[in-house]
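Here are my notes on the model you sent, set out as numbered points so that each can be checked against the coordinates.

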Amino acid sequence: MPSAARGWIVGEILAQVQANRERVTGCAKHQFPKRGNTYVLGQKLTCVNCGGVMSLPDAASYLRGYVAHGGDASDIIPDWTETKP
Ligand SMILES: [Zn+2]
């Protein structure tokens, strides 16, 4: 692959990462759809409010912080239980 094309691809990826970071940091409250019963390594969740994408561990950390401040876990992920990773 020519280096110019490779540079364009890297630039596109960085732009997408930056756009996702702006969506995620600008969201007032993340809410994710039901997870279902299967866990897929590397699973990502998309916030229904901002469209930002987070890894499942990051979304779980967000949810636990929300709960630690008195929130209800089902507000963030409707079918969340701590037995799931
Ligand atoms: Zn969000």
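**An exposed first helix and a small core**

1. None of the 24 residues of H1 is buried, so this helix lies largely in the open. Please keep in mind, here and below, that the model is a predicted one.

2. The geometry of helix H1 (residues 3–26) is consistent with its length: at 1.5 Å a residue its 24 residues should span 34 Å, and the C-alpha atoms at its ends are indeed 34 Å apart.

3. As to the overall architecture, the protein holds two helices and two strands, and from the N terminus on these elements follow one another in the order α-β-β-α.

4. The dimensions deserve a comment, since the radius of gyration of the protein is 16 Å, whereas a compact globule of 85 residues would have one near 12 Å. Taken along the principal axes, the C-alpha atoms fill a box of roughly 50 × 30 × 20 Å, and buried residues make up 13% of the 85 residues.

5. The largest nonpolar core consists of 10 residues, namely Phe32, Leu45, Cys47, Ala59, Ala60, Tyr62, Leu63, Ile76, Ile77 and Trp80. Helix H2 (residues 56–68) gives the most to this core, with four residues.

6. Which residues does isoleucine 76 contact, leaving aside its neighbours within four places in sequence? They are His30, Gln31, Phe32, Tyr62, Leu63 and Tyr66. For the protein as a whole, residues 24 or more positions apart account for 42% of the contacts with a separation of 6 or more.

Notes: Residues are numbered from 1 along each chain as its sequence is written. This is a predicted model: local features need pLDDT of at least 70, side-chain atom pairs count only at pLDDT 80 or more; totals for chains, interfaces and linings use all residues. A nonpolar core is a set of buried Ala, Val, Leu, Ile, Met, Phe, Trp, Tyr and Cys residues joined through C-beta atoms within 7 Å. A residue is buried if 20 or more other C-beta atoms lie within 10 Å of its own, exposed if 12 or fewer, and partly exposed in between; C-beta atoms are placed from the backbone. Two residues are in contact if their C-beta atoms, placed from the backbone, lie within 7 Å. The radius of gyration is taken over C-alpha atoms; the globule rule is 2.2 Å times the number of residues to the power 0.38. The expected span of a helix is 1.5 Å times one less than its number of residues.
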